[in-house]
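Good morning, everyone, and thank you for making time for this. Today I would like to talk through how a protein surrounds its ligand, going step by step so that nobody gets lost.

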Amino acid sequence: MQQIDRIYIDGAFVTPHGEEMFDLFNPATEQVIGRVRLADEHDANRAVAAAKRAFVSFSRTSKSERLDMLESMAGALAAREDDLYEAIVEEYGSPVSRARWMAQFAAASAIEVAKTLRQYDFTRRINASDIVMQPVGVAGMITPWNANGHFISNKLATAIAAGCTAVIKPSEMSAIQTQIVTEALHAAGLPAGVFNIVTGRGDVVGATISAHPDIAKISFTGSTVVGKAILRAGAETLKRITLELGGKSPFVVLDDANFAETVPLALQAGFMNNGQACIAGTRILVPQQRVAEFEALIRAAVEKTQSGDPRDPATVIGPMVSEKQWHRVQRYIRVGIDEGARLLTGGEGRPDGLKSGWFVRPTVFTDVRNDMTIAREEIFGPVLSIIAYRDLEDAIAIANDTTYGLQAYVMSSDPARAREVGARIDAGRVMINALTHDPAVPFGGFKQSGIGRELGTLGLEAYLEPKAMMGVV
Ligand code: NAD
């Protein structure tokens with residue numbers, strides 16, 4: 001049983017002013033494994049004040065000083081990889097097959113930002129003027145529970161690269177992971193006040209940061225509904241706001257696709273991170289004439305997909321992160337049935353043989369229409385929809401008929417043809433016959449999947465303001 005009763009402000013672990021306690025669970029057992037004392041508005045204000053003080057000198061540090069900090073940060077996070085791995089399995093329920101990668105992702109994120117910084121030129125010349133990219137100010141960062149270490153590390157590393165100081169509000173459900181990350185960042189020896197971590201409730205600490213006049217920029221990853229609230233709260237002081245929100249990504253199977261390759265990729269794209277991934281390919285678009293063939297193959301593959309104990313190396317899908325999330329997924333499965341979609345495999349309840357834990361049966365619906373709730377709303381669980389299409393124009397129209405636009409997948413034996421289709425889909429990233437990631441490439445969404453981009457040069461520039469110095473020689 002872990003007790004977390006410190007937050008991190010101005011270079012030190014301190015007792016929060018907030019007194020509310022929040023239980024932490026192992027989602028595979030439903031047992032309480034810890035308690036965290038939550039920060040409140042007063043703590044958030046203290047954290048912002050510390051970051052504001054630190055900004056004065058930190059914003060003037062050199063590129064090489066910041067590169068050294070990013071290297072220390074990456075080293076300190078790498079040194080805690082094993083602890084982070086344990087916490088990711090225990091507190092989040094990630095299968096061990098994925099947790100190692102997730103634990104490494106935290107340090108890797110800082111290393112990638114360092115690469116971006118190394119090649120970035122903060123000054124450029126236009127005619128007779130110098131354009132100087134200047135740090136925007138104190139950045140507020142609000143993050144979700146589904147890749148806690150990476151989100152904190154990537155956002156903070158980018159802020160540091162830009163010369164911004166930070167106030168971070170991670171998800172209250174990831175407090176054990178956050179504690180490890182915070183200890184690592186403390187060990188990295190960053191100057192006091194450069195980063196401050198205040199775990200607390202979204203509607204208390206998150207809302208305070210979103211409206212605070214001394215916060216110049218918000219970088220938020222989370223749901224679209226909360227993203228909109230943050231945008232509204234930040235409007236009063238015209239904050240620069242980056243939003244990484246939800247998705248309902250189309251996985252478009254063209255009529256010439258090789259199903260032996262496509263079906264496994266569809267399941268990886270749909271079930272990654274226990275189905276709790278913003279980029280999950282949850283709408284599988286299949287040509288009408290090949291639907292029966294696709295159904296038979298995907299059903300056989302799903303029935304071999306293990307949903308259960310995250311510590312079993314054969315497990316692909318672990319539990320949902322919380323009881324609330326489990327009920328949410330169950331409700332969507334019920335809604336799918338009620339609205340007339342046909343259950344191809346899976347369904348309500350836990351997988352056979354499991355009596356406890358927030359486990360979901362891997363579920364695939366077919367005969368889904370794109371106007372059904374399960375095709376429109378983000379479920380955030382291992383529940384996929386097969387939608388039949390008539391021809392290419394129909395496929396593209398269905399792919400784009402969504403309020404989201406985070407990621408899309410196009411599968412074809414002819415990559416050039418897949419690329420042409422991909423070019424017509426409105427999404428921040430399009431995967432051609434692949435499920436891949438490149439941390440130097442911009443990440444973010446069209447439409448209600450977000451505003452702005454993270455990663456690479458565009459991600460760095462989201463923390464910078466251009467200033468034109470004119471009349472100089
Ligand atoms: P969430 O929006 O409920 O919470 C995210 C964070 O916002 C948490 O720290 C929460 O405490 C905080 N928050 C809640 N209410 C707030 C408020 N009123 N003001 C300020 N902050 C507030 O999301 P979640 O359930 O933690 O995560 C799942 C969601 O995140 C999904 O919608 C998923 O698609 C999205 N997500 C997006 C990306 C991306 O990069 N696009 C990545 C991962 C997750």
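Before we begin, one term: a residue is counted as near the ligand if one of its heavy atoms lies within 4 Å of the ligand. Please also keep in mind that this is a predicted model.

With that cut-off, 28 residues surround the ligand, and the closest are T143, K169, S223, L245 and E378. When these surrounding residues are divided by type, we find 14 nonpolar, 10 polar and 4 charged.

Let us turn to individual contacts. An oxygen atom of the ligand is 2.5 Å from an N or O atom in the side chain of S223, while at T143 it is a polar backbone atom that lies 2.7 Å from an oxygen atom of the ligand. For E244, a backbone N or O atom is found 3.5 Å from a nitrogen atom of the ligand. As for how far the ligand is covered, it has 840 Å² of accessible area on its own, and the protein covers 86% of that.

Where, then, does the ligand sit? It is placed in the largest pocket. The elements that contribute two or more residues to the shell around the ligand are α7, covering 202-211, β11, covering 217-221, and α8, covering 224-235, and of the shell, α7 supplies the largest share, with 4 residues.

Finally, looking at the domains, the shell takes at least three residues from each of domain 1, which spans 2-245 + 448-469, and domain 2, which spans 250-438.

Key:
Residues are numbered from 1 along each chain as its sequence is written. This is a predicted model: local features need pLDDT of at least 70, side-chain atom pairs count only at pLDDT 80 or more; totals for chains, interfaces and linings use all residues. Side-chain values use heavy atoms; hydrogens and water are left out. A polar contact is a pair of N or O atoms within 3.5 Å; within protein, one must be able to donate a hydrogen and the other to accept it, and residues adjacent in sequence count only if both atoms are side-chain atoms. Accessible areas come from the Shrake-Rupley method with a 1.4 Å probe; for residues, only the protein chains shown count as cover. On a 1 Å grid over the protein atoms alone, a cavity is a set of points where a 1.4 Å probe fits but cannot get out, and a pocket is an open set with protein on both sides within 12 Å along at least five of seven lines; lining residues have an atom within 4 Å of a point. A molecule sits in a cavity or pocket if more than half of its atoms lie within 2 Å of its grid points. Ala, Val, Leu, Ile, Met, Phe, Trp, Tyr, Cys and Pro count as nonpolar, Asp, Glu, Lys and Arg as charged, and the others, Gly among them, as polar. Domain bounds come from an automatic or database domain assignment.
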